[in-house]
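User: Please take a close look at one part of this model, a place where two helices pack together, and then at the salt bridges around one of them.

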Amino acid sequence: TTAIVITRLVSKSRSSQKSLERSLQEIEALKDQLRLVIDTIPVLVVVGRPDASLEFINRRWLEYLGLSSKEVEGWGWTAAIHPEDAQHFTTEWRLAMTSGKPFEQEARIRRADGEYRWFLHRGVPLRNEWGNIVRWYATSTDIEDRKRAEAALQEAQTELAHVTRVTTLGELAASIAHEVNQPLSGIVINGNACLRWLAFATPNLEEARQAVNRIVRDGKRAGEIIGRIRKLLRRTATQKERLDINDTVLEIAALAQGEVRRNKAALRMDLAPGLPPVLGDRVQLQQVLLNLIMNGIEAMNRVDDRPRELVIRTDLGETDQVRVAVQDSGIGLEPQHIEKIFDAFYTTKSGGMGMGLAISRSIVENHGGRLWAAPNNDSGATFLFTLLKHPSENR
Ligand SMILES: Nc1ncnc2c1ncn2[C@@H]1O[C@H](COP(=O)(O)OP(=O)(O)OP(=O)(O)O)[C@@H](O)[C@H]1O
Ligand SMILES: [Mg+2]
């Protein structure tokens, strides 16, 4: 390009040798200035050939890498990409090359001292007048600090969600203990029955077998309850999988059932059949449901003039969404508080932390959905949230 400029300038300034020399000097000065700018701006800059091999790399890049321009030439620079990112990065980069589309990727790059830092790499093609790519211009920005802040925030959220989950389960301890106790007493009763059937002169094996079958069934039931609690108590990073929302609801409802009964309320399910699977973290979504169920129970605690009824409803929302609603017949919501209740530490309960809805909303939003509240027509409130369909369900 410089050559073209020079030729043009040459033809223009043919008239005078003097002005030509001056122009050349000016161009040299501009070139130096441009070079200085490219070398010192606080981003890493590379210029690539149409085949993506390296043509130019600015000084900051070389200083960062601690390599000579000879060492990074061609494909040499790719050695500095983190092994875990390299494959994806080079594939995407090549794909951009062939399609000629702008490129944007995050990948870790090794610094001279051996430390890897996250960078955002962006590339755009420069085309000639026939539309062919002649160069690639790419900048890389250090996003390590932002990445760390994001990771720390994620970590803190996971921690907070875990702590509040454990707290909620602590509140449920009495009713859960009751729930586990039932199959345990069943096991004792059936065990005794079995012993009696066996103690006869001619043992009644058929009756004994049936009693043992009931023991196995009750043992499994107790084990399932414990298993669910252990899963909820575990502290894990987000794990999104293909989920049946109705299954997810039924599982947590079984766990909350005892608490509902203890509060003289009824739990009703209205689950739409044949819903598409969603993409979600089972434990986190059950935490959301549990928070809404507990809030519903608490809102109905002081209600004595009407049935205390909690309804969990699932249905198909708007496009690509599955909707879950938890409806109570409790004290209801004042319109002016309807958004406030989602703020962290907003609570009207003496023993409340005010974290339930805040955490629930962040979980749902992290799933690409929405959580909101609406007053019922008669009494009580309904909390609704949406979840995205599993991507494989795009019909
Ligand atoms: N179903 C409901 N009906 C009426 N008010 C509700 C309902 N759910 C929540 N609220 C109001 O929103 C507030 C915030 O709820 P949130 O779950 O965030 O915190 P909390 O229940 O007070 O405490 P915790 O952190 O133990 O959940 C509640 O204190 C209550 O005033
Ligand atoms: Mg709550």
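Analyst: A crossing of two helices is called left-handed if the near helix is turned anticlockwise from the far one by less than a right angle, and right-handed if clockwise. The model examined here is predicted. In it, the crossing of helices α6 and α11 is left-handed. The contact involves Gln154, Gln157, Leu160, Ala161 and Thr164 on the α6 side, and Ile359, Ser362 and Asn366 on the α11 side. By character, the residues of this contact comprise three nonpolar, five polar and no charged.

The geometry can be stated as well. Helix α6 covers residues 144–171 and helix α11 covers residues 356–366. Their axes come within 11 Å and cross at roughly 130°. Angles over 145 degrees count as roughly antiparallel and those from 65 to 115 as roughly perpendicular, so α6 is oblique to α11.

Helix α6 also holds a salt bridge, between Glu150 and Arg146, whose closest N and O atoms are 3.2 Å apart. These two residues are four residues apart in α6, about one turn of the helix. Buried means under 20% relative accessible area and exposed over 50%; Glu150, with 40%, is therefore partly exposed. Arg146, at 40% relative accessibility, likewise counts as partly exposed. In addition, salt bridges that share partners join Arg111, Asp113, Glu115, Arg117, Asp142, Glu144, Asp145 and Arg148 into one network. For the model as a whole, the count comes to 32 salt bridges.

Technical notes. Residues numbered from 1 in each chain as written. Chains lettered and ligands numbered in written order. Predicted model: local features only at pLDDT ≥ 70, side-chain atom pairs only at ≥ 80, totals over all residues. Heavy atoms only, no water. Axes fitted to C-alpha atoms, helices over the stretch in contact; angles between N-to-C directions. Parallel < 35°, antiparallel > 145°, perpendicular 65-115°, else oblique. Contact = heavy atoms within 4.5 Å. Nonpolar A, V, L, I, M, F, W, Y, C, P; charged D, E, K, R; others polar. Salt bridge = Lys/Arg side-chain N within 4 Å of Asp/Glu carboxyl O. Buried < 20%, exposed > 50% of the residue type's maximum accessible area, 1.4 Å probe, protein only.
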